[in-house]
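Me: I would like to learn how to read an interface and a few buried side chains in a model of two chains. Could you take me through them one feature at a time?

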Amino acid sequence: MRVDDTILGAILLAFAVAVVAYAQTFPTLGGMAFGPDLFPTVIGCGLGVCGIGLMVTGVVRRRSRNGGPWIDVAPWMRSRDLAGNLLAVLAATLGYILLSDWLGFHLTAMAILALLFLKLHVRLLILIPFAIAVPLIIHYAFYSLLRVPLPWGLLTPIAW
Amino acid sequence: MEAIIGAFGLVLDLEVMLVIAASAIYGVMVGGIPGLTATMSVALLVPLTYFMDPVPAIAAIVTTTATAIFAGDIPGALLRMPGTPASAAYVDESFALTRQGKADLALGTGLVTAAIGGMIGTIILMAVAPQLARFAIRFSSDEYFWLGCLGLTCAVLISGSSVLKSFASLFIGLFIATIGIDVAVGHPRFTFGSIELLDGVSFIPAMIGMFALSEILRTVARGARVRGPEQGSVGNVFAGIGRILLRFRLNVVRSSVLGTGIGSLPGAGADIAAWISFTLSKRFSKKPEAFGKGAVEGIVDGGSANNAAVAGAWTPALVFGIPGDTVTAIAIGILYLKGVNPGPLVFTQSPDLVYAVFVAFLCANLVLIPVGFAAIRLSGLVLRVPQAVLMPIILVFCIVGSFAINSTVFAVWIMLVLGVVAFFMEANDIPVAPAILGIVLGTMVEDNFMVTMLKDNGNLLGFFDRPIAAALGALTMTIWVYLIFRGVRDARRAGTTG
């Protein structure tokens, strides 16, 4: 998804203004000219200059080409299948964040693997063994060997 | 000398050797799969290195990068799909050779020159880094402030993208670095009441998000399928290599030295080294007309330069703590987590660690030959792994890897948000590398700024009091002026050409 430089610049400028404005609320230590607000302010100003620059080049370019689309539609935006792939990956990650504590690592990981495999048209013959084996291998490597406390969730009674 | 012997002892330990062997196999596999870059392979490795001692951790990173960069040649030659961006420069030459049924020649040349380039790069690193460190030991916060600025500036200078967009990326990275408790008075910045953000944005989930998750998103959005290789089987890859090396010996040396130099510039890595060496190769070739039709010369130059650059990138990383490329940016992050602060003091305080990096590099480039040979032989297998199976598995690794560092799902949030940000940045030609350098160097630049200001009672001219600082400052500012000039020129050109 490619947006016109004008829009990109406007987004950066808005963000920059917010950063600078918020940075002004940071306290300064008595007598010091430079406090915690200095770097955010400098960064915000830099971003603002980039934003303005992009807006200017965007407008100039649009004028020389007599307009054109504001947003270049990427192939995935035109295809329901590809856009679905993208959303599925984001939803799977979000799902893990929200569910893993309650459902536990194993069930959540198996579920998101199975769903993503299904979405990406992986054959059942590969889907089932991989969806089951991968979480178990990760469990062994990270939980058993590296002692990462992956949550057990619903499976706590049978934790090993 | 004692340190070198000590370093051999550290590296030639069974555990480290196993780590090197495993990393070589891992690097070849990841590098050999189109779409998975060397940086991504290192980002995915980070959670594992977190649980290792510094020496095996560094050995793992070094070996993975060196082997992944070579392995990128394999799908490049067989499918015309470079496995990593570093192989893109000469992919047309190697694929043209494959079409003529000479895939073995293309891959063999790539493999042997990669190992030689890596060795030469390591030798230069071993010779230069300690000398530079001896010089850098006198540096104080003034010099480090300017070095940090110089590193950040180089990232913009070299990114090859529009100046405005590269600067925007840099500022985004610097902004991310300011999140959390500030260094001067301990005020929480941009945390919005979140306790987890007080420590700042954790580096590892940020890397995994920006390199791995964004790559997964790109791949599934493309819906790419892998096709079968052009040439079914590859013959003896070492046949005729000796003659090629003899004929192009000067090319190997030239491109290795050049690659090491380019690699040591902050922000410029193996891919840029390969492009520049390949371009020079074409320009100075006795047979420029052969290029595009399978010129072995181009593969020799590009192949040795990209692996030399991998070693070169470690020079500024070890000596100044300023990463030469995205991989060393990750490595510096890991060293900090392990309580090792890269910089000239490392050379006196833990010289064994520094020499261990050198020895690991030598081992990695030696291991590359047999592992690379096996990878070429098995290439048909690696190339047939469907991305539809791979991507969900990598996603689970990304999630667990982010979680593993602090055992909190908050890290998964960081990965998700920055992964989406990086995805949109790349879709709009905003390079990600300057942002990464911003995240890594932001705190260091601010720390050194504050220390210098306190020392000089808030007098900005204090940054030019010391001769080396003044020279570094002048250099940095000259580049700034040049970049502003280039930015204005780009904008004018955009107006005239549309």
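The dialogue below goes from the contact between the chains to single residues.

Reply: Please keep in mind throughout that this is a predicted model.

Me: How many residues does each chain bring to the contact, and what area do chain A and chain B bury between them?

Reply: A contact can be read by its residue count and by its buried area. Here the contact takes 62 residues from chain A and 63 residues from chain B, and the two chains bury about 5600 Å² between them, with 85% of that area on carbon and sulfur atoms. On the side of chain A, Phe34(A), Phe39(A) and Ile97(A) lose the most area to chain B, and together they account for 11% of what that side buries.

Me: Which polar features are counted between chain A and chain B?

Reply: Salt bridges and polar contacts are counted separately. Between chain A and chain B there are 2 salt bridges, one of which joins the side chains of Asp429(B) and Arg2(A) with an N to O distance of 2.4 Å. The count of residue pairs in polar contact, with both residues at pLDDT 80 or more, is 5.

Me: Which element gives the most to the side of chain A that touches chain B, and what is the make-up of that side by class?

Reply: One can list the elements and then sort the residues. The elements that give two or more residues to this side of chain A include β1 (2–3), α1 (5–23) and α2 (38–65), and α2(A) gives the most, with 15 residues. By class, the side of chain A that touches chain B has 49 nonpolar, 9 polar and 4 charged residues.

Me: Where does Thr328(B) lie, and is Thr328(B) buried or exposed?

Reply: Thr328(B) is found in helix α16 of chain B, which covers residues 326–337, and it counts as buried because its relative accessibility is 1%, under the cut-off of 20%. Its side chain reaches the backbone nitrogen of Gly324(B) at 3.0 Å. Leaving aside neighbours within four places in sequence, Thr328(B) is in contact with Ala313(B), Trp314(B), Ala317(B) and Pro323(B).

Me: What does Ser41(B) touch, not counting residues up to four places away in sequence?

Reply: The reading proceeds by location, accessibility and neighbours. Ser41(B) is found in helix α3 of chain B, residues 38–49, and with a relative accessibility of 0% it counts as buried. Beyond those excluded places in sequence, Ser41(B) touches Tyr26(B), Val30(B), Thr64(B) and Ala68(B).

Notes
Residues numbered from 1 in each chain as written. Chains lettered and ligands numbered in written order. Predicted model: local features only at pLDDT ≥ 70, side-chain atom pairs only at ≥ 80, totals over all residues. Heavy atoms only, no water. Helix = DSSP H or I, 4+ residues; strand = E, 2+ residues; numbered from the N terminus. Buried < 20%, exposed > 50% of the residue type's maximum accessible area, 1.4 Å probe, protein only. Polar contact = N/O pair within 3.5 Å; in protein donor to acceptor, adjacent residues only side chain to side chain. Contact = heavy atoms within 4.5 Å. Buried area = accessible area lost by both parts, 1.4 Å probe. Salt bridge = Lys/Arg side-chain N within 4 Å of Asp/Glu carboxyl O. Nonpolar A, V, L, I, M, F, W, Y, C, P; charged D, E, K, R; others polar.
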